[in-house]
Each structure stands twice: as structure tokens, then as C-alpha cells.
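Dear colleague,

Please find the structure below, handed over for your own inspection. My notes on it follow directly after.

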Amino acid sequence: MGQRDLEAALPAGVDPRRHARVLAQVHEAALAGKALPSRPRAVIGASWQRMRRLGVDPEGRAPAPILTAEELESRRRTSGLAEALPTLRGGLLTLAEQAAHIMVIVDAGGQVLWRDGSAAVRRRADGLGFVEGVDWREESVGTNAIGTALVARRPVQVYSAEHYVRAQHSWTCAAAPLHDPRDGKLLGVVDLSGPAPTVHATTLALVDAVTRLAQAQLRTAHLTELERLRGFAAPVLGKVGGPAVVADEHGWVAAAAGLAPVDRIALPTGLKPGRVWLPAYGNCAVEPVPGGWLIRPAEDDAAPPTRVVLDVRSPREPELTVAGATGTWTHRLSPRHAEMLYVLASHRDGRSASELSADLFGDAGRTVTVRAEMSRLRRHFGGILDAKPYRFADDVEVLVRRPPDPEAVLPHSLAPAIRG
């Protein structure tokens, strides 16, 4: 899963009470529009700016409305988080109870689905409105580890007056996003919250480690499903008598015959049986099989796509829509791929690896990372992207659909080309 940089809210060796007083002074100055005695961390400063643009009330109290019991159970069933629950509870719940914390799990929409841990802290959370079924996104309750992690798409710790709403200043929280390893989709966020005096610099690392363990176990479960599909696919391909692949519903290839092997192919959202253009193979005939799809390249020439729409209006689900003579399909993008495609859409003449590195990281030297990511993108979207320099194909019309507020474009991103 790779390494992630974790920035604790409490610097090592700093007295928590003194640090809380400094944060309170910064918070008051920010709300009053005065010169800041010190700058908040970048992730906090960016969130406070979003809160001001959204008009969030720093004196706000408990959010509303709360899901009904039936709605809560429905979201639990459809969240994709239930499979991870035993691992998360096993790794965090005992500590939460001993350290005067609560473990909170929210779905990708910010709804609190489960809340366990210290009974005393749960009662305090009740008074704050921090209960099962509530919406804990930034838009509803201001800067907080859960809501801010949903936007930033990375682990976040928020301490005391880093919270935008004053009612939350007596709290500390550490949260990490949990993704579906099958398609990279954000499933939700895992959080440990407690009274501000219980803050600890290692809490964020612990939450992140347990969340990554849960993702690893979800990946193991997926590999088991793929192996089961592989056993079914072999005789199916034997009967086809021509080039074909069998892939699961997320595009992971179980078996192939007569085609160059790949780990995964990009499938459109809402794939249906029939003819479809796929970047990896061109025009294809698609048939359902138990647990996935049988995909066979069509004999007619593949008509290249003529139009690409990069839709970044949603802060959490950027999409790429490809249209051509054979139809239209849409694919959900990872945060990194959305950043890269947005930069390329803004530079139709193309970008070198070093230019893309500077665009994304503010450092022209990270070309190895850029080339690896572009290789993945071109495997997914062959026929759309060219190299030397990296760019959208010259004969493809490219449109970008943006939100009205320029600052709302890919709000998770810290890329200089986007935030600059």
C-alpha cells in the first residue's frame, strides 16, 4: 500500500496545554480577520478557508438531521465497511476504552455508522451531537479529523482549537480514510476521538496502521474471490475458441486467452452486456458470467474515441467520460489520476515527466513516480493518452467540467498546478 506521510497535530515534545492556548489565539485571530500570531498547519488552514467560503458558523452546535434506525441499518449494509469492522474493532476498541477515546466509523458520505468505546466519552459525545446516524462532514460541523480526512483523502489529526467550531475545542481526533482495494473507491473514515487532554502524537499512526491492516484483509478477501473466478474462467475460455478475457466486476483479470496479459482493465461504470469500447482492446463484445464478465475483442476495427469529459464538479468522485462512435462510458478516477488528467487537460501541448513532477509535487525530480503513474494511466486509457510528451491525443476533444468555485476543484489536492 506504500508509505504515507503522517503529520501529528501535537509536535513531539510540546506541552499540550500550551499548544492548545497558541491554537486558540490563532483561531480567534483567523475568525476576526486579524494577523495570525502563527500559521496553522496547511491541512487546517485549507479547511478553515473552505469553512469561511461555505459560511459554516463557528458557534454552531449539534448538527441535524440524524438518520432513522432503518436508514442507519441500510447504510451499514451498503457501505462496504461491515467486512472491515472486526479488524477495526480488534485493533482499536480496547485501546479506545483504556485511553478514554471512542472509535468512530463513518461512510464515504460522512454519516456516522458505528461508535464504540469509553462510556464516559460517549456521553460527552452525545452532548456534542456526535452520535450514530449524524452527518460529520466539514459542511455540517466544520473542520474535524473525520470530515477533513474525507476531503484531504489522507490521515488527519485535529487537536483542540484546530477545530473550526468552538464547541469541539475540548476534543482531539485522529482519522484515516479506508479505501476498497478492488477499485480504490473511498469506503469511509476510521477515527479515534476523545477529550483534548488525552491527545497523543502516536494516535494518528495507530489509526492509520489499523486502517491499512483492514484494507489488506479486504484485499486478501478479493484475491480469494478472484481465484474462485479463475477456476470458473478456464473452461469458459476453452470453449470460446478465440481471444478473450474473464474479469471480475471491477476489471481485475482472472484469466485470458490469446491476449497480452494485464492485471486489470478499465471497465465503464454501469457496464451492460453487448458492444462496448474499452481502452485496452477497442470494440468488444461483453457477456455476463457468474462473478464477472467475459470480454471478447470484436472483429471490426476499433473506432477511436472522439471526445473526453473530465468531470471534477464532485469533490469526492471525479470521473472521466469517453465518447465515440461505439458509445459512451464513464470511469471513476483515483485522486492522483484525477490530478494528472486535470493538469494534462490544462496543457494540451503536453508535459514532460519533470514538468508533471513540478506540477504535482513542487519538485521536478520525482520523475520516477510520475512515469509509473502515467504508465498505469496509459494502460487504463490507451488511445486517449500519448507520450513524449505526456498529453491527451491530438484528435480527441477534451472538456473539463468544473465547480463554480475554483477553490472547490479537487479540494483534496495539494498539487501546485491546482492550488496555485
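I begin with helix 4, in which L85, T87, L88, L92, L93 and A96 are buried. Please bear in mind throughout that this is a predicted model.

The buried residues of helix 4 pack against several elements: strand 1 (102–107), strand 2 (112–117), strand 4 (171–179), strand 5 (186–195) and helix 8 (203–240). Helix 4 itself covers residues 85–98, which makes 14 residues. From its first C-alpha to its last, helix 4 reaches 19 Å, close to the 20 Å expected at 1.5 Å a residue. Where does helix 4 bend? The bend, of about 40°, lies at L92, and L92 is also one of the buried residues of this helix. After helix 4 comes A100, which has a positive phi near 55°.

A second positive phi belongs to a hairpin. Strand 6 (residues 244–248) and strand 7 (residues 253–257) run antiparallel and are joined by four bridges. Within this pairing, A244 has A257 of strand 7 as its bridge partner. The hairpin has four residues between the strands, and G251 takes a positive phi near 95° there.

I turn next to the sheet formed by strands 11, 12, 13 and 16. It is an open sheet of four strands in the order 13-12-11-16, and its pairing is mixed. Which strands stand at the edges? They are strand 13 (327–332) and strand 16 (397–401); each has a single partner strand, so one side of each is left without a neighbour in the sheet. From one strand to the next, the twist averages 15°. Strand 12 (residues 319–324) pairs with strand 13 in the antiparallel sense, over six bridges. In that pair, L320 has H331 of strand 13 as its bridge partner. As general background, strands of a sheet pair through backbone hydrogen bonds, either parallel or antiparallel.

Finally, the cysteines. How many disulfides does the structure hold? The number is zero. Are C173 and C284 buried or exposed? C173 counts as buried because its relative accessibility is 6%, under the 20% cut-off. C284 counts as buried because its relative accessibility is 0%.

With kind regards

Notes. Residues numbered from 1 in each chain as written. Predicted model: local features only at pLDDT ≥ 70, side-chain atom pairs only at ≥ 80, totals over all residues. Heavy atoms only, no water. Disulfide = S-S within 2.5 Å. Buried < 20%, exposed > 50% of the residue type's maximum accessible area, 1.4 Å probe, protein only. Pairing = 2+ DSSP bridges. Helix = DSSP H or I, 4+ residues; strand = E, 2+ residues; numbered from the N terminus. Axes fitted to C-alpha atoms, helices over the stretch in contact; angles between N-to-C directions. Expected span 1.5 Å × (residues − 1). Bend = angle between axes of the 7 residues up to and from the residue. Contact = heavy atoms within 4.5 Å.
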